[in-house]
Amino acid sequence: MSSLGPRELHDRVYANWERFYQEGRIDRRTLIKAAMVWAAGAGAVPLLAACGGDDDDDDDDDSGAAAATNTSAPDAEDEPTATTADGGGDEEATATEDSGGDSAEGGTLTVILSESDLPTMDPHMHNLRTGIIAFYHTHDNLGVRNRETNLIEPWLAESWENIEPTVWEMKLREGVTFHNGDPFTAETVKWNWERVTNPEQASPQVGNHVAIAGVEIIDDYTVQVTTTEPYPIFTERLQNFQMIPEKLAQAEGDAYLAENPVGTGPYMLQEWKKGQEIVLTRNPDYWNPDVNAAYETLVLRIVPGLPTQLAELLAGNADIIRVVPFDQMETVESSGVAMPVTQAILRVGMVRLDAMGRSGPSPFEDVRVRNAANHAVDIQGYIDALQPGGDRAPALLNPKHFGFDPTVEPHEYDPDLAKQLLEEAGYPDGIDVTWLRGPSSMPNQDQVDQAMQRDLEAVGIRAEFETLSDGNVFTTRHNEGNGGDMMNYNWGSYSVFDADGIYWDMLHSSSIFTYYNNADLDALLEQGRGSLDPEERMQIYADAQRIVREEAPMIFMWGFHSVWGVNNGVEWSPRPDEIDMYFTARPKS
Amino acid sequence: MGAYIANRLIQMVIAVFGISVIVFVITNMIGDPVNVLLPPETRFEEREVFREEMGFNRPLIVQYADFLSDAVRGDFGTSFRTERAALTIVLERMPATLLLTLAGTVLAIVIAIPMGIISAYKRYSFWDNLSTLFVVAGQAMPIFWLGLMLIIIFGVNLGWLPPSGYGEFGLDRLKHMILPTIVLGVFLAPVTERLVRSGVLDALTQDYVRTARAKGLKERVVLVRHALRNSIIPVITVLGLQFGQLLGGAVITETVFAWPGVGLLAIESIRNADFPVTQAAVVTLAVIISIVNLAVDLVVGVLDPRIRR
């Protein structure tokens, strides 16, 4: 978790660029390019400050005044997207917008949700994070993750208990009603699970629920859920699974649900302007007093293109944007309008090595070569220079995964050892390998790859880039076993904060994603998946991490960071699971 | 005239047919729809079963024949992503695109014609040089760059105009339109301005202009009624031809300004490998471009009887 300010970040990154050049890890062109980018950034800042400085002060003053006005007439705000339209003068327009965000009882929070619109308003018929985020506002889940402990806590469920290895008994909250007045009951839970697992429904989320065998209604507010086997990550299935009202759904059908998100959530749909924005309005009868959403209206805007998103943030039109490129953090901070907010997330990066020759014979089938690759790269150096605050993942697990063992030592940066290992493996002259790269998945991806390529070359691992711009082609190549010797990859663990969420898919020999095959590890992962005892599982995954660390089926990297941009008038924090909850946002006093 | 129109209509059908082939082949080359439609953890065998169910395993030519026979009836299939009719989605977005391209064209004409006349009339003067500078700059600036610069200057630094979006109907919409319209106008104006300039220059040396002047007509009348009118035909033709480019420019402009038009829809659908929508969008745009060009040729025919034959 980074506590670096953008200024420090800037200095550190810049110094490291020079060092990388001195050490011959990046070429001159890259250095000059980087210097130009930084210079442009630094140049743009005074420009922005000079032109925007006065406005910012005005904004602050105005918004204070306007906030007072709004508080006195909280319900006067009739137009959710009022934004700049109604302000007569242009500068007042911005102030009006800001002030909207500042009022305690009414006001509008404008969030840029995504670059492209949601395909549907049916929470079971998509597999997008942006959809999950939107439906956390209109709907509710049985459980929700605590952002401090990363554990799932009761939400629409009041409690749950594992009464038999494969049976979970769950008590449900009473007195919760959907936006249309339908009650939330045991019948709702049973119907929702049956819907999402019904093959004819063809929900893209069915994979999350394969271990759910059935749901039995005990009474109106009690259900028993049976799993196909002992299922330690059962509670993970209670989140990202939104409840929809069964009676309405049966009466109106799927086409209706695709347009009308009726849930129990803290916000209700007011209007979906396709391709533009989703306008939500606060649910006045929300069951959970702890939530107490501060903004009357929540606008989730669709804006393609990160530069435009950034411009909207800096213009004060957007209160929150979900992606701020690392090299723009300083621009945001010095704008006086918004701040960059950094949060470490669960997603882990790696360079996958073809340890089983799945895409043809590979030198990486030899464990010594794989370890040589890990010793050849200066992971900590890249983190310091290019990914400040990144959490190392010495055996692929992010420290946020349940089961992470902090005593597992990461590979040391040791080029001599790497050379020696290569020699022992029978490659005194080094090896030539392919390295498949896809669309950038983290900040500074190209720079990291290039630095790594140089470091590998220094010990004799000569990797040739093949870069694909199409994410689908890239994923298909990977999943169909044509990824080649080396391949960039990263894994979000389906937001499951458990070792099983990443080890199974990346390393179990039955997974379509894996380029590694080890019966011992398979056995451990199966044990881990079948055990319900947390301590036993900790031990199982500790053992598994030692195998993975030694076997090095990938070049281990780090847990990613994301950077959000938040307007200075808004108090809000992102979460490590990247499920933004805008109902927690408050105007700054 | 009737034969002329019929001839042009046949040409149009052939052109749209050709475009439908190209777009169909290309969309099928850029990605595997199975990967879009199924979650990533789906096993290989399940994928193959699904591929067969959906008919994606059939030869491309058979799939194309199906596509074409439905498309001529206005059925481009259902969006993979939203499960709504692809053509409906495209038509929903069409007004935004037409509004923007129309505004861009008007602005381009408003800039180009006066500027071209002045340039021609005061050749090598300060104003001529200034307009040359504008033409060079307008041609040299990438459209997305200009868009971003306008956003930074007028949307962020000065805060005069909304940086992006479509706005509410009315004054708000007009405000949102200004920046993207400028981008498109600046993109389209230079070529038009050059044509007006050279056309008027040419006309000014003609006998009929000398005659008009000799008759003692006012310079303004000579310029507008005689010189400009006779040099406007190639300008109209080129405006028609450029309409296609303009829609291409609208794709970029719409993306930069989050303008919810067909161009943005096309980009989104390509990104999501939502083939039916991509195909519907491209074919619809092709039809519109063909119709505009046909209309332009007819207008020119009316203006200049020599062409009709």
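Two residues are in contact if their C-beta atoms, placed from the backbone, lie within 7 Å. With that in hand, welcome to a set of close-up views of a predicted model.

**Figure 1. Helix α11 of chain B is mostly covered.** This helix takes in residues 262-271 of chain B, and eight of its 10 residues are buried. The buried ones are B:Val262, B:Gly263, B:Leu264, B:Leu265, B:Ala266, B:Ile267, B:Glu268 and B:Ser269. Look around them for the helices they pack against: α5 (86-121), α10 (219-256) and α12 (275-303) of chain B. Just after α11(B), find B:Ala273, which takes a positive phi of about 50°.

**Figure 2. Helices α5 and α11 of chain B pack with their axes 7 Å apart.** The angle between α5(B) and α11(B) is about 135°. The two helices are therefore oblique to each other. On the α5(B) side, the contact is made by B:Ile89, B:Val90, B:Arg93, B:Met94 and B:Thr97. On the α11(B) side, B:Val262, B:Gly263 and B:Leu265 take part. Sorted by class, this contact of α5(B) with α11(B) has five nonpolar, two polar and one charged residues.

**Figure 3. Chain B as a whole has 13 helices and zero strands.** Follow the chain from the N terminus and each element you meet is a helix, in the run α-α-α-α-α-α-α-α-α-α-α-α-α. Along its principal axes, the C-alpha trace of chain B spans about 85 × 55 × 35 Å. Chain B holds 309 residues, and buried residues make up 40% of them. How much of the contact between residues at least 6 apart in sequence joins residues at least 24 apart? In chain B, 72% of such contacts do.

**Figure 4. Strand β17 of chain A is largely enclosed by the rest of the structure.** The strand covers residues 554-567, and 13 of its 14 residues are buried, so the rest of the structure largely encloses it. Which strands pair with β17(A) in the antiparallel sense? Strand β12 (residues 338-353) of chain A does so over 11 bridges, and there A:Val351 stands opposite A:Ile555. Strand β11 (residues 320-321) of chain A is joined to β17(A) by two bridges and also runs antiparallel to it; look for A:Ile321 opposite A:Gly565. Strand β13 (residues 391-392) of chain A pairs with β17(A) in the antiparallel sense over two bridges, with A:Gly559 as the bridge partner of A:Asp391.

**Figure 5. Four strands of chain A form an open sheet.** Their order is β4-β5-β7-β6, and the pairing is antiparallel. At the edges stand β4 (157-164) and β6 (212-219), each with a single partner strand, so one side of each is left without a neighbour in the sheet. From one strand to the next, the twist averages 20°. Inside the sheet, five bridges join β5 (residues 167-172) to β7 (residues 222-227), and A:Trp168 stands opposite A:Val225 in β7(A). Helix α5 (residues 186-197) of chain A lies across β5, β6 and β7, running at about 165° to β6(A).

**Figure 6. Helices α10 and α12 of chain A pack with their axes 8 Å apart.** Helix α10 (residues 367-376) and helix α12 (residues 415-424) meet at an angle of about 165°. That makes α10(A) roughly antiparallel to α12(A). The crossing of α10(A) past α12(A) is left-handed. From α10(A), the contact involves A:Arg368, A:Val369, A:Asn371, A:Ala372, A:His375 and A:Ala376. From α12(A), it involves A:Pro415, A:Leu417, A:Ala418, A:Leu421, A:Leu422 and A:Glu424. The residues of this contact of α10(A) with α12(A) divide into eight nonpolar, two polar and two charged.

**Figure 7. A:Gln545 sits in helix α17 of chain A.** The helix spans residues 534-551. Is A:Gln545 buried or exposed? A:Gln545 has 23 C-beta neighbours inside 10 Å, so this residue counts as buried. Leaving aside neighbours within four places in sequence, A:Gln545 is in contact with A:Ala395, A:Leu397, A:Asp405 and A:Val408. As for A:Met121, its C-alpha lies 40 Å from that of A:Gln545, and the two residues are 424 residues apart in sequence.

Technical notes
Residues are numbered from 1 along each chain as its sequence is written. Chains are lettered from A and ligands numbered from 1 in the order in which they are written. This is a predicted model: local features need pLDDT of at least 70, side-chain atom pairs count only at pLDDT 80 or more; totals for chains, interfaces and linings use all residues. A residue is buried if 20 or more other C-beta atoms lie within 10 Å of its own, exposed if 12 or fewer, and partly exposed in between; C-beta atoms are placed from the backbone. Two strands pair if DSSP finds at least two bridges between them. Axes are lines fitted to C-alpha atoms, for helices over the stretch in contact, and angles run from 0 to 180 degrees between N-to-C directions. Angles under 35 degrees count as roughly parallel, over 145 as roughly antiparallel, 65 to 115 as roughly perpendicular and the rest as oblique. A crossing is left-handed if the near helix is turned anticlockwise from the far one by less than a right angle, and right-handed if clockwise. Ala, Val, Leu, Ile, Met, Phe, Trp, Tyr, Cys and Pro count as nonpolar, Asp, Glu, Lys and Arg as charged, and the others, Gly among them, as polar.
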